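Let's take a walk through this structure together, moving from its inside to its surface. Keep the model open beside you and find each place as we reach it.

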Amino acid sequence: MNINTREIKSFFYSQYFSDGLRMSIGILIPSMVLMQFNQFELGLTLSLGSLCICVIDNPGPATHKRNSMAVGNLCLFLVAVITGFARLNIYTLGLEITLFSFLFSMFTVYGNRAASVGTSSLLIMIFMMDKALPPSGVVAYSATILAGGIWYMLFSLIFFSIRPYRAAQQTLGESVSDIAKFLRIKADFYIPEKDIDESYRKLVSQQIYVSQHQDAVRELLFKSRLLVKESTAGSRILVLTFVDLVDMYEQILATHYDYGYIREKYKDTGILHEVARILHHMADEVDDIAYIVLSNTRKRHITDFNAELEKLKSKIDAIDKNDQETSNLVLKKILVNLRTLGESINNIYNYHKSKTTPKSTELRGDVEYTQFVTHQDYAPHIFFDNFSWGSGAFKHALRVSLVCLIGFVTAKTVSLGHHSYWVLLTIIVILKPGFSLSKQRNYHRLIGTICGGVIGILILNFIPDTTAQFVFLIIFMLGSYSFSRLNYVVSVIFTTPYVLILFKLLGVGLLNVAQERIIDTLIGSSIAFVASYVIFPTWEFELIQETLRDVIIANINYLITIAESLSGRITGTTMYKLARKDVYVKSANLSAAFERMTSEPKSKQRKVKDVHKFVVLNHILSSYIANIASGLMKRDIQQPHSEALKLVKKSITVLNESNKKLHGENIEFNIGKAPGVSDNEKTELSIEDTLLKEQLGFINKISYDIAKITDNILE
């Protein structure tokens with residue numbers, strides 16, 4: 001199948017399109033139904049309530065959706081009533097905008113879902129500020145908005161309950177696709193012509209998306225006991241697929257080598273290009289699995305990696321015969337890694353190969369899956385504890401509050417037409433806690449509005465038929481909500497003509513509205529951009545120490561699981577996988593922080609080269625730890641290994657010193673000598689034990705390198 005066709009089909013099977021379809025239908029139905037009864041104005045008000053609540057309808061378990069939308073509806077009604085009365089006096093309206101902008105922006109301290117509740121509340125405040133209502137009609141109008149919000153909440157929950165596994169299936173498919181992209185980047189390391197530093201940059205960037213999607217899958221699968229504990233094969237297959245997928249990701253991550261060395265040594269043999277080709281072939285297979293999961297279809301598995309790997313083995317053996325002075329152990333290790341990866345791909349594929357239930361869909365191991373998801377604390381003290389200059393959320397809320405006040409004054413004095421709320425709407429959408437995110441949103445908003453405005457004007461001028469315009473409105477509306485999380489600039493390109501067509505159908509002038517929207521967007525964007533630079537700005541170098549500390553602590557805890565195994569103790573699967581997950585999440589956070597840092601003004605980038613070195617060294621460190629940890633976990637009996645244990649303790653001590661320099665608390669680990677093993681006891685080491693010592697020695701070296709880079713960053 002052509003790759004473009006596959007990508008298009010995958011989009012229509014994806015959660016992005018599913019969410020866009022649900023939101024569009026939920027918003028349109030009240031207006032469409034009531035229009036049939038000559039109550040279009042009432043329908044529009046209900047749709048306004050639906051539009052505000054759909055902002056909260058983010059991916060996640062049904063209970064989280066229900067609770068957040070219920071709180072959102074309560075806020076929706078209260079803010080609508082307060083704004084309806086506050087707007088009667090321009091000073092009380094200005095005061096409300098200032099206070100509410102601060103209050104609801106502070107919701108970010110409770111996570112993304114709570115932040116969306118705050119955004120929903122600010123939206124209804126903005127839409128109500130220019131709504132001419134007599135005092136007697138404020139409560140009734142607000143109640144109608146509430147009814148629209150409740151309608152959308154019920155519609156969304158029913159939509160979700162019809163196919164309870166579908167959201168998890170879609171997110172899982174997107175996660176599988178991320179792994180395929182990650183694998184292709186890993187393949188580039190074996191191509192001598194590819195720049196290693198550029199490959200590392202792509203790798204750590206892709207790691208962000210992998211981590212985000214894996215967290216989303218964990219939320220959907222493990223926060224819902226229905227999916228984990230239910231007896232149906234479908235739910236168990238989803239969990240098993242994800243568990244094996246994370247293990248496969250670890251296998252890909254753990255296959256790390258000195259790529260500069262192997263390129264120099266084997267570049268003329270052609271063997272590295274062969275390894276890269278096989279990895280790309282495996283990535284294609286992983287992409288096939290992603291499509292199978294997304295589309296809920298079956299496909300006959302025809303790839304036999306064993307044949308390709310046998311040919312590769314023959315070439316490696318031939319190199320070994322021709323060059324007997326040097327060892328080809330590294331190539332043999334790569335071959336073993338490829339075999340393991342091929343087996344992992346086949347195992348995951350086997351869960352989905354037929355419509356019949358696989359022979360074994362029992363959840364394996366002693367893992368308690370609910371421990372793998374973060375649980376948000378909504379205690380009131382968290383809100384008030386952030387009332388300090390050391391809190392990024394507090395500075396962001398103050399910034400939003402002041403900028404919204406400036407935007408309100410500007411809208412009332414400079415803005416054209418009757419939709420001055422577009423200035424505030426632009427500010428609310430663009431302003432983010434960090435400068436780089438605000439800058440990116442600003443750019444996307446401007447480009448999207450201008451391009452979308454041109455598209456809207458062309459359609460309305462050259463396609464006068466009302467029915468055709470309405471069809472375009474639905475298409476643009478669907479595109480707007482489908483791309484809102486996937487690609488913001490595309491979402492805005494769809495949103496602008498959707499708004500222009502809507503106003504035209506409502507009888508509002510076309511060119512005036514288009515001109516007004518573009519000008520108001522320019523005003524709002526300019527205010528937001530300047531404010532993000534001069535009003536309580538938050539720069540990444542101010543926060544990077546905390547991110548570095550989190551990564552070091554995660555790696556220390558990962559090493560402790562190795563030390564437990566090497567001391568002869570039995571390390572539970574849950575403990576090991578929790579430590580692994582923490583490293584992946586914290587590493588992705590570090591990569592994201594570094595990317596944000598590089599998009600900030602040059603004058604605000606400090607020690608950026610050293611931070612990049614830290615990111616690469618952290619990736620190498622976690623890869624080697626994962627390699628050792630996965631090998632130890634496969635052993636049925638853990639044998640004490642005192643020499644290796646000393647090396648692990650040494651690495652932990654070095655990392656602990658860096659942790660303390662970053663103002664972290666010392667990580668205590670009470671692991672004594674391996675029981676029954678004397679320090680003076682000399683035993684002949686197996687090849688496996690010798691390799692283990694070499695790997696731990698390299699980890700020790702990387703730990704010292706991380707310590708040096710940390711010192712450079714802190715200078």
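Helices here are DSSP runs of H or I with at least four residues, numbered from the N terminus. One more thing before we set off: what you see is a predicted model.

Let's begin on the inside. The structure holds 4 cavities of 30 Å³ or more, and our stop is the second largest cavity, with a volume of about 110 Å³. Of the 13 residues that line the second largest cavity, those closest to its centre are Tyr190, Thr255, Leu279, Asn337 and Leu338. Which helices supply the lining of the second largest cavity? Helix H8 (166–188), helix H11 (233–254), helix H13 (271–295) and helix H15 (329–351) each give at least two residues. The largest share, 4 residues, comes from H15. Sorted by class, the lining of this second largest cavity has 9 nonpolar, 3 polar and 1 charged residues.

Now turn to helix H18, which spans residues 421–430. How many of the residues of helix H18 are buried? The count is 10 of 10, and the helix is mostly covered. Among the buried residues of H18 are Tyr421, Trp422, Thr426 and Ile430. Ile428 also has its place in helix H18. With a relative accessible area of 12%, Ile428 counts as buried, because the cut-off for that class is under 20%. If you look for what lies across from it in sequence, try Thr119: Ile428 and Thr119 are 309 residues apart in sequence, yet 7.8 Å apart in space, C-alpha to C-alpha.

Next come the charged pairs. Side chains of opposite charge can pair when their charged atoms come close. By the rule of a side-chain nitrogen of Lys or Arg within 4 Å of a carboxyl oxygen of Asp or Glu, the count comes to 22 salt bridges. One of them joins the side chains of Asp130 and Lys412, at 3.0 Å from N to O. Asp130 sits in the loop between helix H6 (112–128) and H7, while Lys412 sits in helix H17 (residues 392–413), so this pair ties together parts that are 282 residues apart in sequence. Both ends are partly exposed: Asp130 has a relative accessible area of 25%, and Lys412 has 38% relative accessibility.

A salt bridge also forms between the side chains of Lys577 and Asp247, at 3.6 Å from N to O. Because Lys577 lies in helix H24 (residues 573–598) and Asp247 in helix H11, the pair ties together parts that are 330 residues apart in sequence. You have met helix H11 already, as one of the helices that supply the lining of the second largest cavity. Is Lys577 buried or exposed? Lys577 is buried, with a relative accessible area of 13%, whereas Asp247, at 26%, counts as partly exposed.

For a salt bridge inside a single helix, go to H14 (residues 305–322), where Lys313 and Asp317 lie 4 residues apart, about one turn of the helix. Their side chains meet at 3.1 Å, N to O. An α-helix has 3.6 residues a turn, so residues three or four places apart point the same way. Lys313, at 33% relative accessibility, is partly exposed, and Asp317 is partly exposed too, at 28%. Elsewhere, salt bridges that share partners join Asp19, Arg22, Asp57, Lys65 and Arg485 into one network.

Two loops deserve a look at their backbone. Asn38, in the loop between helix H2 (15–35) and helix H3 (40–53), has a phi near 55°, a positive value in a residue other than glycine. Asn38 is exposed, with a relative accessible area of 71%. Phe536 has a positive phi of about 45°, although it is not a glycine. Phe536 lies in the loop between helix H22 (510–534) and helix H23 (540–566) and, at 26% relative accessibility, counts as partly exposed.

We finish on the surface. Ile150, Leu154, Ile158 and Ile162 make a nonpolar surface patch of about 380 Å². Ile162 lies in helix H7 (residues 138–162) and is exposed, with a relative accessible area of 62%.

Notes. Residues numbered from 1 in each chain as written. Predicted model: local features only at pLDDT ≥ 70, side-chain atom pairs only at ≥ 80, totals over all residues. Heavy atoms only, no water. Patch = residues over 30% accessible without salt bridge, like charges linked within 9 Å, V, L, I, M, F, W, Y side chains within 5 Å. Areas by Shrake-Rupley, 256 points an atom, 1.4 Å probe, with all protein chains shown as cover. Buried < 20%, exposed > 50% of the residue type's maximum accessible area, 1.4 Å probe, protein only. 1 Å grid on protein atoms, 1.4 Å probe; cavity = no way out; pocket = protein on both sides within 12 Å on 5 of 7 lines; lining within 4 Å. Points joined across faces, edges and corners; volume = space filled by probe spheres on them. Nonpolar A, V, L, I, M, F, W, Y, C, P; charged D, E, K, R; others polar.
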